[in-house]
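I opened this entry to keep a record of what I looked up, beginning with the sheet and ending with the chain as a whole.

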Amino acid sequence: MQSTAMPRLAALALCCAMAAAHAAYPDRPIRLIVPFPAGGSTDLVTRAISVDLGQALGQPVVVENKPGAGSLVGSEQVARAAPDGYTLLMAGLTNVFLPYVHRQLKWNPLTDYEYIGLVADLPNVIAVSAQTPYRTLAELVAAEQAKPGALSFGSAGVATPSHLVCEMVNHQLRIQMQHLPYKGNAPAVNDLMAGHIPVMCNNLGGTLPYMQGGQIRILAQTGKARSAAAPDVPTFEELGVSGLDAGLWMGIVAPKGTPAQVVAAINQALAKVVAQPETRAKLARLGATPLPGTVEAFRQRVQKDRQAWDPVLKRVDLKGL
């Protein structure tokens, strides 16, 4: 009896130990990948919640910037990471765009993740360097119409929201501003402030501090209503430009196959953090609005954006850009 019982007890002990180890998630630091350079809005929002998220989970959340190819590099790294909850991605609207740009991808930026929770939404804007004479969208458009193709606009990269907002402006206003892609919003903003490029489309959080500092002017913002962070900036809709009411969402995802209990643990911690008044104040200073944190709300937002942007992406013809 003893010889039979001992292996069973050993096996039971091993199972209990494995279950305890699994239940102890997390037991080491968590990497949260930002697929853009430091200093951009995605980076700023991520860092605004990372410390508190780590405290809620009981382990540090370490932010790592992995920029490149319009968020493709960092996004793919997380998609191929071990599905154990220790490598996460701050995903965004670019995940909707990537399949239209990289047609030969061997993974899917929309389905090869476990959705954890939305974090925040930011308006997109069109801004000009303070060194230009343009003080309204009408003045910018008039200058471009006088010399078609003479003005260029910077963006965070091909098929990023900052690129496509300006392409939508081109399309809706029948102008021909030329695209200059950068490796992220931050370097493009730097060149905008220096006067090396006259125009840029970006999210509000990535440009608001420089408008407040006088280095740039924001001429219009997306959305159906003006952001409380920039109440003096009109919406595109107010200026008679339709089709520009979508903002830039951000949300945390994990590699496909991450255990449901791990996803739930991160979701609960994230919801706790985003509900904190101090976190909401941090996001407000960036021009960001907190979003519902449920997995279902995340899925619905992605589906809505896929439907809304599909005709735009096809019309812009990204293969020729």
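**Sheet and overall form**

I began with the strand pairing in this predicted model, and found an open sheet of six strands whose order is 2-1-3-10-4-11, with mixed pairing. Looking next for its borders, I noted that strand 2 (61-65) and strand 11 (289-290) are the edge strands, since each of them pairs on one side only.

Within the sheet I then followed one pair in detail: strand 1 (residues 30-34) and strand 3 (residues 87-92) run parallel and are joined by three bridges. In that pair I looked up the partner of L32, and it is L88 in strand 3 that stands opposite.

Turning to the chain as a whole, I counted eleven helices and eleven strands. I asked myself why the chain can be called as compact as a globular protein of its length. The radius of gyration is 22 Å, which is close to the 20 Å that the globule rule gives for 321 residues, so the description holds. For the extents, I recorded that the C-alpha trace spans about 95 × 45 × 30 Å along its principal axes.

I also looked at contacts, counting those with a separation of 6 or more, and residues 24 or more positions apart account for 77% of them.

My last lookups concerned burial, surface and charge. Of the 321 residues, 52% count as buried, while the accessible surface comes to about 14300 Å², with 55% of it belonging to carbon and sulfur atoms. The chain carries 27 positive and 22 negative side chains, and I noted that the centres of the two sets lie 3 Å apart.

How values were computed. Residues are numbered from 1 along each chain as its sequence is written. This is a predicted model: local features need pLDDT of at least 70, side-chain atom pairs count only at pLDDT 80 or more; totals for chains, interfaces and linings use all residues. Side-chain values use heavy atoms; hydrogens and water are left out. Helices (H or I, at least four residues) and strands (E, at least two) are DSSP runs, numbered from the N terminus. The radius of gyration is taken over C-alpha atoms; the globule rule is 2.2 Å times the number of residues to the power 0.38. Buried means under 20% relative accessible area, exposed over 50%, partly exposed in between (1.4 Å probe, protein chains only). Contact means heavy atoms within 4.5 Å. Accessible areas come from the Shrake-Rupley method with a 1.4 Å probe; for residues, only the protein chains shown count as cover. Lys and Arg count as positive and Asp and Glu as negative; His and the chain ends are not counted. The place of a charge is taken as NZ of Lys, CZ of Arg, CG of Asp or CD of Glu. Two strands pair if DSSP finds at least two bridges between them.
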